[in-house]
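The exercises below are meant to be worked through with the sequence and the structure side by side. Each one sets a task and is followed by a solution in steps.

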Amino acid sequence: MADAKARLQEIINAYIDKDSSVTVDTGIVASHLAQMKMFGIRQGVEFFPGQDNFGNQRKDFIDRVVKYNQLDVRLDSIWDYFLCDGTGLFYIRPTTKNYRIYYFREHEYRTFYNVDGDLEEVVVIYSYKVRRGNGFGSINTTNLVGKTTLENTGTKRYIRLSIKAKEITETHSESEMSFDMPEFMAPGKTKTFVNTLNFIPCVEIFNNPKGFSNEGVGEFDAMANHIITHDEMVRTMRKNVQFFGNPTLLSSRPKTDLIEAGGDTTIQRPSIAANSGFTSPSSLSQSMFKADPVSRSIDGQIRVPRIIANLEPNDRVGYIVPDAITGDQNAFARQYREEIRTALGGVDELSISAGVTATEYKSLFGRVSATSKKKANAVYTHGICRCFELIIYQEEQLFRRTLAASAGFEKPVQPSADAPPEEYSAYEEAMKAFEDKLKYLLMACIETGQLPPKVQGLIPDGDLTVLWRWLGPVYEDSTQDILNNSIVVRNLQELGVDSIEALKYLFPSKTDEERAEMLSGFPFRMVNELQGAYSAFAKLVGGMMQTPHPQAPDLPMAADPRLDLTPYLYRTLEALQKEMSYAGRYRPVDPTDEPSTDSSSSEQLRGSVSTSSPSLPSGSGGVSGGYELPPSSTTGGPQLPIRPYSVRPPIPTGDGGQQPMGIGIQQSGGPAELTSSIPVPGSTIASDELQPSQLRAASQLPQYATIGSADLVSQPDLLAQLFPNLLGSILGAGSKLPESERSKPVRSKRVRGRGSSNSK
């Protein structure tokens, strides 16, 4: 078992160090690592914040850190170390203008956790090179016949870091240090610094963790014996190919008759002097070699003439071609390799016995994708993304400190450990007052869009979560695949699925906000279908208004509350407005064309009005679109969540305190028919006591539910205001009629009442 582990470590180190001097016959380690990296890195990885409201400041900062550390080209080695070692450590070190992210392997660090599972201390030991002083010792004399160099190759030194939340101990030494060595016996100079971050800037990641313990297992540790057995098997097969690769000549004739002399090169054999042990720098010295007409060539091969003549009837000449690798041996080695790759969570690309067609072959790689996704979550979500979250937290703390310093706020000094409780309570009260003042100052800076000079860091922006995604898939989608996905999206939209949810099938790697931004165009197909649906409902309502009810011929069918189609009209308008309310922000080409965002303006883009407008109900907000317009400053404004609005019923359903028709929109907390009672032509739904075949009685009708204009109901004096002389002219015309005509009743259109057969 120990030999298997040692041999496995040699194979792993040969692959990681790219050392070709170590003989490795099995390709399981290299193939599995290459496959995991291909599905784990794919076309690259992008890191982005989950929340970024101030002009993409967090995204730009993350991009600078990624570029500074060259993470895109270092991911391959990080994956190799992580998969082979089982654990790894990210260490964050602030620099003058950026942050450096280091990665340490398992043998380069030690971590210590408390009972709560939090890091208490991290010890790191690594080496670095320093420049040596110029002198004779710096001359490189390794190659006497070659070119001499005076270049300084540097000397190796070692550093030991003990990182805690409050302090960092740093030891430099010219001799190698180990973790077993006590700290006070460590050679070199030791310095202690105050940890200004106030947290341990380290993140440890685990591969195949054992339950909830802080230990990881290497990718190949459990399969060490199998991998070494396959390595020995392949080595034996390789030797058989080398030994039996050339056919053997079998003949009853003498050797000299079957091997011809001469050729392109001079065939020689060692002389007596050479056999006696004398050597020469020259490989083919004439004094030590002599010509031999019948011998092997320099490359060890035998030259056989094309024609073998003078054969007797009893002579036998022929070739023996042995089978270097039998078919059973080759099949067993292939099956053994495939079993190992399957146990590791991958697929052996060279011998997939379960895949016959291209579809089956591609579906087998779902196992590879699932395995690499778990490794990717360990490396990205719990590793690099966690590092970015700590960095962003530190930048926001830096912003708070510099903002307080620019405003002249003095932070209270923390008391010592042996201070009395009264001093601690006073410190807590002072810190609370300090935080309150700083919070008010920060909110004022955000509202005005201006910052004091010399303020550094990132503006605090709530949630610190950093997400990641692949830049592209392993298998590029063909045009047919994209077309099929678009058909799925269209079918889902026809079923009523939200457009943002449906687009997940076409753009699975994008966020909901990015999909909403993509919907900035005009959805002509959806608008056309919704308009057609609304027209169909309206025509149906019109037909029902003209058709008498079978059970009450004096009322139309639309008066039946159980045949109410008004909610469907509202639902159609709500869906139409929702489809038109995506793509959150308005960014004009010419900044002068941007509409005013002043709160006193009553008409803004997307129908937003002032919150103090009397025409709005108390529960509705001041924004009628999906997003509020951000200010025109460079930092931008906070993005509001995508929240469509539902249409308010146009007819008031309560007393005189309700608003008139056309009052606008209300924010949707649920379907429109659930927020308020929906009126229907000629009736309102007041209770659920109606039977399936019962119509509403005339006494239950509202006062305004008569034939006429709703404005006349809400404003009885509207005719007098619009036509002040109308009534007088009518009365004057009536007084001029002859007395015989005056006595006759005025013939007018009789309108049948809805609740009675009398005419009004």
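**Exercise 1. The chain as a whole**

How many helices and strands are there in the protein chain? Describe also its burial, its contacts and its surface.

Solution. The model is a predicted one, and its protein chain holds 20 helices and 16 strands. Turning to burial, of the 760 residues in the chain, 32% are buried, where buried means under 20% relative accessible area. For the contacts, take those between residues at least 6 apart in sequence: 63% of them join residues at least 24 apart. Finally, the accessible surface of the chain amounts to about 47800 Å², and carbon and sulfur atoms account for 53% of that area.

**Exercise 2. A sheet of three strands and a helix across it**

Work out the order of the strands in the open sheet that contains β2, and state which strands form its edges.

Solution. Begin with the order, which is β3-β2-β9 with antiparallel pairing. The edges are then β3 (99-104) and β9 (202-206), each of which pairs on one side only. Neighbouring strands in this sheet are turned against each other by 20 degrees on average, with direction ignored. Next, follow one pairing in detail: β2 (residues 87-94) is joined to β3 by six bridges, and Pro 94 stands opposite Tyr 99 of β3. As a last step, add helix α4 (residues 71-85), which lies across β2, β3 and β9 and runs at about 140 degrees to β2.

**Exercise 3. A sheet of five strands**

Which residue in β8 is the bridge partner of His 172? Place this pair in its sheet.

Solution. The partner of His 172 is Lys 189. The strands concerned are β7 (residues 167-173) and β8, which pair in the antiparallel sense over six bridges. They belong to an open sheet of five strands in the order β4-β5-β6-β7-β8, whose pairing is antiparallel. Its edge strands, β4 (109-113) and β8 (189-194), each pair on one side only, and the twist from one strand to the next averages 15 degrees.

**Exercise 4. A nonpolar surface patch**

Why does Val 321 count as exposed? Locate the residue, and name the patch to which it belongs.

Solution. Locate it first: Val 321 is found in the loop between β13 (317-320) and α8 (327-343). Exposed means over 50% relative accessible area, and Val 321 counts as exposed because its relative accessibility is 67%. Together with Leu 249, Leu 311, Val 317 and Tyr 319, Val 321 forms a nonpolar patch on the surface, and these residues have about 450 Å² of accessible area together.

Notes
Residues are numbered from 1 along each chain as its sequence is written. This is a predicted model: local features need pLDDT of at least 70, side-chain atom pairs count only at pLDDT 80 or more; totals for chains, interfaces and linings use all residues. Side-chain values use heavy atoms; hydrogens and water are left out. Patches are made of residues with over 30% relative accessible area and no salt bridge: like charges are joined within 9 Å, nonpolar side chains (Val, Leu, Ile, Met, Phe, Trp, Tyr) within 5 Å. Accessible areas come from the Shrake-Rupley method with a 1.4 Å probe; for residues, only the protein chains shown count as cover. A salt bridge is a side-chain nitrogen of Lys or Arg within 4 Å of a carboxyl oxygen of Asp or Glu. Helices (H or I, at least four residues) and strands (E, at least two) are DSSP runs, numbered from the N terminus. Buried means under 20% relative accessible area, exposed over 50%, partly exposed in between (1.4 Å probe, protein chains only). Two strands pair if DSSP finds at least two bridges between them. Axes are lines fitted to C-alpha atoms, for helices over the stretch in contact, and angles run from 0 to 180 degrees between N-to-C directions. Contact means heavy atoms within 4.5 Å.
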